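Morning, everyone. I have one structure to walk through today, so let's put it on the screen.

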Amino acid sequence: MLLHIFVSFCITFTLIILTYWPFTHPARRQSLIKDFKPILVGISFGLTGLILSGISLNYLNGTLINIHIVPLLFSGLIGGPWSIVISGIIMAIGSLIIIPTQAILSITSLSNINLLVVSIVLALLASKKPISFHTLTAYFYSLTIEITVMLVLIVTLPAILKMKIIFGFIAYALFTFFSIFAVIKRLQATSEKVQLTYHLKEKDYLTQLPNNLAIRSFAQGMVLETDNFSVLHFDVDDMKEINFKYGHLAGDGVIKQLATIINDYVEAINGIAARVAGEEFYIILKNAPPAIALYHAEKLRHQIALHSFNINAEQTTPLTVSIGISSSPDNGIEFDELSIIAAQVTADIKASGGNQVLHANNIKFDNEN
């Protein structure tokens with residue numbers, strides 16, 4: 001029996017851990033997992049419970065089937081209330097089907113009927129107070145007590161055997177739950193560190209805007225969706241003079257203020273902005289042909305020119321920017337090509353005095369004449 005219990009624990013542990021990871025850390029392209037997460041989580045944990053039913057049936061008078069509460073709770077932790085309902089129904093009804101020879105008043109049958117009721121009640125509670133790492137143990141203790149009371153009331157066996165069954169269930173449930181809980185918490189902590197590292201890798205430290213790596217990743221995905229977008233390259237006209245006059249710390253403050261203006265404007269029109277160098281920014285505008293890109297660039301350039309940037313509590317400074325634009329498919333298809341063209345346009349603007357907006361199409365037109 002001990003060997004069987006150990007095997008049951010290993011199967012439970014392995015299945016839950018393997019199910020936990022892809023659903024809580026799906027790859028960016030696994031949209032199916034993200035879109036249908038509650039359903040997929042519920043089915044996965046429901047099948048895990050059915051496997052436990054099959055291997056636990058002949059031990060401790062079938063009482064180990066009550067270990068269903070462990071996959072049920074982790075199903076709620078990952079997928080929410082609907083996952084609880086789905087996994088509970090699969091485990092309860094599925095178990096009743098695979099043990100048709102059992103009497104309706106047997107421990108296994110009553111346990112599965114109880115599981116069905118518990119799943120619905122737990123889902124309702126979880127909709128009010130979601131299952132999280134902070135509430136998971138409280139839910140576990142509550143379900144363990146409920147099942148223990150049920151076993152005390154329904155098991156019609158000699159007192160010694162009844163105590164063996166009840167303590168066997170409690171010991172197995174406690175050991176299994178907290179072993180899995182400890183490992184998942186460690187995995188979660190590691191994942192959070194990885195996610196933070198990845199987040200910092202794609203964020204500009206000073207402005208918290210996406211950086212060069214992030215905007216290129218965004219652009220690669222967007223190129224697959226549409227060929228009608230524009231790339232804007234910003235460059236501050238007199239940043240070196242500001243840094244020389246007020247110091248680099250003050251210059252960093254000006255860059256942060258500029259980033260806020262750019263980001264607020266771009267978010268309102270469903271674009272993305274990134275800081276790619278000291279005073280250089282890129283903007284990608286979806287579904288923006290040259291005329292639309294010119295309109296937004298000029299509006300943003302004007303807004304920046306009218307803004308007073310704080311140097312300190314007493315001093316402010318004006319700021320102007322040069323904005324070069326390139327568009328797909330007019331000037332290229334790939335972001336790398338478009339960004340180089342936009343930067344070249346910006347360089348031409350600055351060479352002629354700055355504080356202007358110019359599209360690559362206009363430069364080609366001028367050269368042809």
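At what angle do helix H9 and helix H13 pack? About 125°, with the axes 10 Å apart. H9 covers residues 212-225, and H13 covers residues 335-351. Angles from 115 to 145 degrees fall in the oblique class, so H9 and H13 are oblique to each other. On the H9 side, the contact is made by Ile 215, Arg 216 and Ala 219. On the H13 side, look for Phe 335, Asp 336 and Ser 339. Sorted by class, that contact has three nonpolar residues, one polar and two charged.

Before going further: this is a predicted model. Please keep that in mind for every value I quote.

Now the overall picture. The protein chain has 369 residues, and 45% of them are buried. It holds 14 helices and seven strands. Take the contacts with a separation of 6 or more: 72% of them join residues 24 or more positions apart. The chain exposes about 18700 Å², and carbon and sulfur atoms supply 63% of that area.

Next, a second helix pair. Helix H10 is residues 239-246, and helix H11 is residues 248-268. They pack at about 135°, with axes 7 Å apart. That angle makes H10 oblique to H11. H10 brings Met 239, Ile 242, Asn 243 and Tyr 246 to the contact. H11 brings His 248, Ala 250, Gly 251, Val 254 and Ile 255. By class, this contact has six nonpolar residues, three polar and no charged ones.

Let's move to helix H4, residues 69-79. How many of its residues are buried? The count is 11 of 11, and the helix is mostly covered. The buried residues include Ile 69, Leu 72, Phe 74, Ser 75 and Ile 78. Just after H4 comes Gly 80, with a positive phi of about 90°.

Ser 75 comes up again with Ser 83. Ser 83 sits in helix H5, residues 81-98. Is Ser 83 buried or exposed? Buried, because its relative accessible area is 0%, under the 20% cut-off. A polar atom of the Ser 83 side chain lies 2.7 Å from the backbone oxygen of Pro 38. Leaving out residues up to four places away in sequence, Ser 83 touches Lys 37, Pro 38, Val 41, Gly 42 and Ser 75.

Another serine: Ser 179, in helix H8, which runs over residues 159-201. A polar atom of the Ser 179 side chain lies 2.6 Å from the backbone oxygen of Phe 175. Beyond four places in sequence, Ser 179 touches Phe 9 and Phe 13. Ser 179 and Phe 9 are 170 residues apart along the chain, and their C-alpha atoms are separated by 9.6 Å.

Third serine: Ser 328, in strand S6. With 2% relative accessibility, Ser 328 counts as buried. Its side chain has a polar atom 3.2 Å from the backbone oxygen of Gly 332. Not counting residues up to four places away in sequence, Ser 328 touches Asp 227, Asn 228, Phe 229, Ile 333 and Leu 338.

Now the backbone geometry. Most residues other than glycine have a negative phi, and most peptide bonds are trans. Which way is the peptide bond from Ser 328 to Pro 329, cis or trans? It is cis, with omega near 10°. Pro 329 is in the loop between strand S6, 321-328, and H13.

Two asparagines are also worth a look. Asn 287 has a positive phi of about 50°, although it is not a glycine. Asn 287 lies in the loop between strand S3, 280-286, and helix H12, 290-306. At 55% relative accessibility, Asn 287 counts as exposed, because the cut-off is over 50%. Asn 355 has a positive phi too, of about 55°. Asn 355 lies in the loop between H13 and strand S7, 357-359. Its relative accessible area is 31%, so Asn 355 is partly exposed.

One last pointer for the viewer. H13 has come up three times: it packs against H9, the loop with Pro 329 runs between S6 and H13, and the loop with Asn 355 runs between H13 and S7. That's it from me.

Technical notes
Residues are numbered from 1 along each chain as its sequence is written. This is a predicted model: local features need pLDDT of at least 70, side-chain atom pairs count only at pLDDT 80 or more; totals for chains, interfaces and linings use all residues. Side-chain values use heavy atoms; hydrogens and water are left out. Helices (H or I, at least four residues) and strands (E, at least two) are DSSP runs, numbered from the N terminus. Buried means under 20% relative accessible area, exposed over 50%, partly exposed in between (1.4 Å probe, protein chains only). Contact means heavy atoms within 4.5 Å. Accessible areas come from the Shrake-Rupley method with a 1.4 Å probe; for residues, only the protein chains shown count as cover. Axes are lines fitted to C-alpha atoms, for helices over the stretch in contact, and angles run from 0 to 180 degrees between N-to-C directions. Angles under 35 degrees count as roughly parallel, over 145 as roughly antiparallel, 65 to 115 as roughly perpendicular and the rest as oblique. Ala, Val, Leu, Ile, Met, Phe, Trp, Tyr, Cys and Pro count as nonpolar, Asp, Glu, Lys and Arg as charged, and the others, Gly among them, as polar. A polar contact is a pair of N or O atoms within 3.5 Å; within protein, one must be able to donate a hydrogen and the other to accept it, and residues adjacent in sequence count only if both atoms are side-chain atoms.
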